[in-house]
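The following paragraphs lead the reader through one protein structure, from the packing of its helices to some details of its backbone. Please keep the sequence and the structure in view while reading.

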Amino acid sequence: MSRYSRELGSEYRRLFDTLEIRSTRSAEVERQADRALSLQPRYRSIGDPIKVPWYFIAAVHMRESSFRVDLHLHNGDPLTARTVRVPPNRPPTGMPPFTFEQSASDALGMKSLDKVKDWSLPHLLFKLEAYNGFGYQSRGLPSPYLWSFSHHYVRGKFVADGVFDPAALDKQCGAATLLRRLAERQEIEFAGEPTFDQLPIIVAFATAMPTVAHEIEQAQALQHWLNTFPGVYLRVDGWPGTRTSNAFKAVTGSWLPGDPRS
């Protein structure tokens with residue numbers, strides 16, 4: 001099992017910041033976002049008492065059982081009996097048929113998600129990948145469980161337990177791709193993100209990529225901060241150009257200093 005680290009968290013952040021939804025999949029991603037929102041009250045009834053974000057449950061529900069509320073959150077088996085596939089015999093108590101809420105509560109508890117204190121975006125993505133397993137990470141590949149329907153994922157899939165097919169194509173929306181679209185629609189905000197009063201140093205507009213390391217780092221810090229606002233998604237490249245200035249204007253009402261439009 002993979003261990004969470006600052007480096008791994010930075011990679012999750014980079015992938016999410018640079019995620020682009022494939023144009024051929026955008027309509028389907030939109031439909032999945034609508035379905036997640038329609039079930040938000042049920043997710044909140046499960047997650048709020050144990051402080052698990054509703055959108056984490058939504059992402060798992062989409063991947064494990066295609067938003068069906070007659071299937072187990074563990075693995076998509078029918079609620080009319082205990083689970084058969086991995087993990088089997090869940091929930092261990094109670095008698096079937098189970099409600100979706102009963103099953104979901106057991107699934108989250110089994111993974112100790114009710115004990116998680118850090119629901120920041122990078123750690124949330126780590127927990128989502130952990131829900132499915134780190135087989136892709138061990139192969140140096142982006143997991144379709146997270147990144148399917150985005151430009152980060154091309155092909156390759158475990159078609160059975162321990163059986164990887166490099167030619168197989170995942171046909172479901174990725175969990176991170178769903179969350180990205182919900183964030184773009186300003187439906188969710190991630191825990192622990194900086195607020196407006198934590199504005200990093202304001203950098204000057206540049207028509208070319210800076211060459212001084214500390215200037216690049218300052219621009220990257222600004223871009224990371226701008227990306228925390230709903231609907232703002234920038235490539236964190238350290239170049240405070242037109243797109244960064246546009247985002248800065250959307251957030252603060254002003255262009256970056258030196259922008260000829262100011």
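This is a predicted model, and the tour begins with a pair of helices. Helices α1 and α6 pack at an angle of about 95°, and their axes lie 8 Å apart. Two packed helices are described by exactly these two quantities, the angle between their axes and the distance between the axes. Angles from 65 to 115 degrees count as roughly perpendicular, and α1 and α6 are therefore roughly perpendicular to each other. On the side of α1, the residues that make the contact are L8, G9, Y12, R13 and F16; on the side of α6, they are L121, P122, L125, F126 and E129. Sorted by class, this contact of α1 with α6 has seven nonpolar residues, one polar residue and two charged residues.

From this pair, the view may be widened to the nonpolar core. The largest core of this kind has 55 residues, and L125, L128, W147 and L179 are those with the most contacts inside it. At least two residues of this core come from each of the helices α1 (6-18), α2 (26-38), α3 (40-47), α4 (54-65), α5 (100-110), α6 (121-132), α8 (144-147) and α9 (175-184). Helix α4 provides the largest share, with eight residues. What does L179 touch, if its neighbours within four places in sequence are left aside? L179 is in contact with F16, Y55, L124, L125, L128, I188 and F190. Apart from the largest core lies another core, of 13 residues, which includes F205, L222, L226 and L256.

Two individual residues may now be considered in turn. H61 is part of helix α4. Is H61 buried or exposed? Its relative accessibility is 0%, and a residue is called buried when this value is under 20%, so H61 counts as buried. Without its neighbours within four places in sequence, the contacts of H61 are L39, Y43, S66, F67, R68, V69, L73 and F100. Between H61 and N75, which are 14 residues apart in sequence, the C-alpha to C-alpha distance is 9.1 Å.

E101 belongs to helix α5. Its relative accessible area is 23%, and E101 is therefore partly exposed. With neighbours within four places in sequence again set aside, E101 is in contact with R42, S45 and I46. E101 and V163 are 62 residues apart along the chain, and their C-alpha atoms are separated by 32 Å.

V163 leads on to the strands, since β2 covers residues 163-165. Strand β2 pairs with strand β1, which covers residues 157-160, in the antiparallel sense over three bridges. One of the residues in β1 is K157, whose bridge partner in β2 is D165. The two strands form a hairpin with two residues between them, and in this hairpin G162 takes a positive phi near 80°.

The last part of the tour concerns the backbone. Most residues other than glycine have a negative phi, and most peptide bonds are trans. Which residues of this model depart from a negative phi without being glycine? One of them is K51, with a positive phi of about 60°. K51 is located in the loop between α3 and α4, and its relative accessibility of 64% means that K51 counts as exposed. Another is S112, whose phi is positive and near 60°. S112 is located in the loop between α5 and α6; because its relative accessible area is 35%, S112 is partly exposed.

Where are cis peptide bonds found? One joins V86 and P87, with omega of about -5°, and P87 is located in the loop between α4 and α5. A cis peptide bond also joins R90 and P91, where omega is about -10°. The loop between α4 and α5 is the place of P91 as well.

How values were computed: Residues numbered from 1 in each chain as written. Predicted model: local features only at pLDDT ≥ 70, side-chain atom pairs only at ≥ 80, totals over all residues. Heavy atoms only, no water. Core = buried A, V, L, I, M, F, W, Y, C linked by side-chain atoms within 4.5 Å. Buried < 20%, exposed > 50% of the residue type's maximum accessible area, 1.4 Å probe, protein only. Helix = DSSP H or I, 4+ residues; strand = E, 2+ residues; numbered from the N terminus. Contact = heavy atoms within 4.5 Å. Axes fitted to C-alpha atoms, helices over the stretch in contact; angles between N-to-C directions. Parallel < 35°, antiparallel > 145°, perpendicular 65-115°, else oblique. Nonpolar A, V, L, I, M, F, W, Y, C, P; charged D, E, K, R; others polar. Pairing = 2+ DSSP bridges.
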